[in-house]
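Q: I am new to this structure and would like a close look at one part of it, explained slowly and in connected sentences. Please begin with a single pairing and work outwards from there.

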Amino acid sequence: MAKAKVYFTKEITPENVVRMYEMLGVKLPGKVAVKVHSGEEGNQNYLRPEFMIPMVKEVDGTIVECNTAYDGARDTTEKHEKLMKSHGWSDVFDVDIMDAEGPDLVFPIENGRVLKENHVGKNLANYASMLVISHFKGHPMGGFGGALKQLAIGCASNQGKVNIHTGGQSFKQGDFWDKHAAQDDFLEAMAEAAETIVNHFGSNLAYVSIACNLSVDCDCCAVAEDPCMGDIGIFASLDPVAIDQACIDAVKSSDDPGRDHLLERINSKHGTKTIDDAARLGYGTKDYELIVVGEGLDVDGGNFSVKA
């Protein structure tokens, strides 16, 4: 597989999100789903809807989310829609909770080691393409959250999330707290689930990841740690594996004093196994060419360090 192209700029602005998308040289066709993380009630780190306005307008997109499988403000459609309103999403965008009504859309997983199928919100079928906007940061269960997690857990329905977390053992809401798969199986299940979304949309996918508000915790945490290191920048790619790998490399190459705290979270949860499994499954590559847009970087063979 040829090297993937990953575009990067250090300056984080709404306009630069659009600029990085434009660098990809694609125009997503038809009705465009824009996958974001809407942020759990109480979370302070999620990317606000105002930040997304230029990018969503650029693709004339619809904000899409799915219900969670843990007790919180997003585990039922009624609560989730209320949160989307209180967080301001539905004030400025069309919003679609894709699993608001069943039945789920079920994708078979051929030759899956952990999962045999992936359950996603049925409204996914209404879209011709998807723009995945990820807030790259840590995660208490997956080690980190990025593009692959958005494809896997992010597009999975309430029951689909349980399926991934339990490694296919259970479809009962909330069961994964008692029946959670072994950590490495869970990570591999995410890679397998993400592949079904890539296969569904084919080339009609694009990824933009913003590495900012770098907490060890995810935007799904109502009580999250404050960011432990400084912002890095915006990444864009047509390859979900490459963009996640580039974000990881950026953290590793940073001389920020908070880097080790974030890396401890990623490494303690074996987080990069999801990247490894996705690359093994063949729908992306860890081998990328970093194309820097703007100043403020040292670049060496795809790895880089961000200058102060």
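A: A good place to begin is valine 6, which stands opposite serine 237 in strand β10. The model shown here is a predicted one, and what follows should be read as a description of that prediction. Valine 6 belongs to strand β1, which covers residues 4–9 and pairs with β10 in the antiparallel sense over four bridges. Serine 237 turns up again when one looks at strand β9, since in β10 the bridge partner of tyrosine 207 is serine 237. Strand β9, made of residues 205–211, is joined to β10 by five bridges, and these two strands run antiparallel. Strand β10 thus has pairings with β1 and with β9, and serine 237 takes part in a pairing with valine 6 and in one with tyrosine 207. As for its surroundings, β10 spans residues 233–237 and is mostly covered, with five of its five residues buried.

From the strands one can move to a pair of helices. Helix α1, residues 14–23, and helix α2, residues 49–59, have axes that come within 7 Å and cross at roughly 35°, and the crossing of α1 and α2 is right-handed. On the side of α1 the contact is made by Pro14, Val17, Val18, Tyr21 and Glu22, while α2 contributes Phe51, Pro54, Met55, Glu58 and Val59. Sorted by character, the residues of this contact are eight nonpolar, no polar and two charged.

Aromatic rings offer another view of the model, for the structure holds four aromatic pairs. One of them is formed by tryptophan 89 and phenylalanine 93, whose ring centres are 6.1 Å apart and whose planes stand at 35°, so the pair is tilted; the tilted class lies between stacked, under 30 degrees, and edge-to-face, over 60. Tryptophan 89 has a relative accessibility of 0% and counts as buried, and phenylalanine 93, with a relative accessible area of 10%, is buried too, because buried means under 20%. Another of the pairs joins phenylalanine 136 and phenylalanine 144, with ring centres 5.6 Å apart and planes at 40°, so this pair is tilted as well. Here phenylalanine 136 is buried at a relative accessible area of 0%, and phenylalanine 144 counts as buried at 5%.

Finally, the loops contain some backbone details that a careful reader may wish to find. A cis peptide bond joins glycine 102 and proline 103, with omega about -5°, and proline 103 lies in the loop between β4 (95–97) and β5 (105–108). Following β5 towards β6 (117–120), one meets asparagine 111 in the loop between these two strands; its phi is near 65°, a positive value in a residue other than glycine. With a relative accessibility of 79%, asparagine 111 counts as exposed, since exposed means over 50%. A positive phi, of about 55°, is also found at histidine 270, although this residue is not a glycine. Histidine 270 has its place in the loop between α10 (259–268) and α11 (273–281), and with a relative accessible area of 42% histidine 270 is partly exposed.

Methods: Residues are numbered from 1 along each chain as its sequence is written. This is a predicted model: local features need pLDDT of at least 70, side-chain atom pairs count only at pLDDT 80 or more; totals for chains, interfaces and linings use all residues. Side-chain values use heavy atoms; hydrogens and water are left out. Axes are lines fitted to C-alpha atoms, for helices over the stretch in contact, and angles run from 0 to 180 degrees between N-to-C directions. A crossing is left-handed if the near helix is turned anticlockwise from the far one by less than a right angle, and right-handed if clockwise. Contact means heavy atoms within 4.5 Å. Ala, Val, Leu, Ile, Met, Phe, Trp, Tyr, Cys and Pro count as nonpolar, Asp, Glu, Lys and Arg as charged, and the others, Gly among them, as polar. Buried means under 20% relative accessible area, exposed over 50%, partly exposed in between (1.4 Å probe, protein chains only). Two strands pair if DSSP finds at least two bridges between them. Rings of Phe, Tyr and Trp (its six-membered ring) pair if their centres lie within 6.5 Å; planes under 30 degrees apart count as stacked, over 60 as edge-to-face and the rest as tilted.
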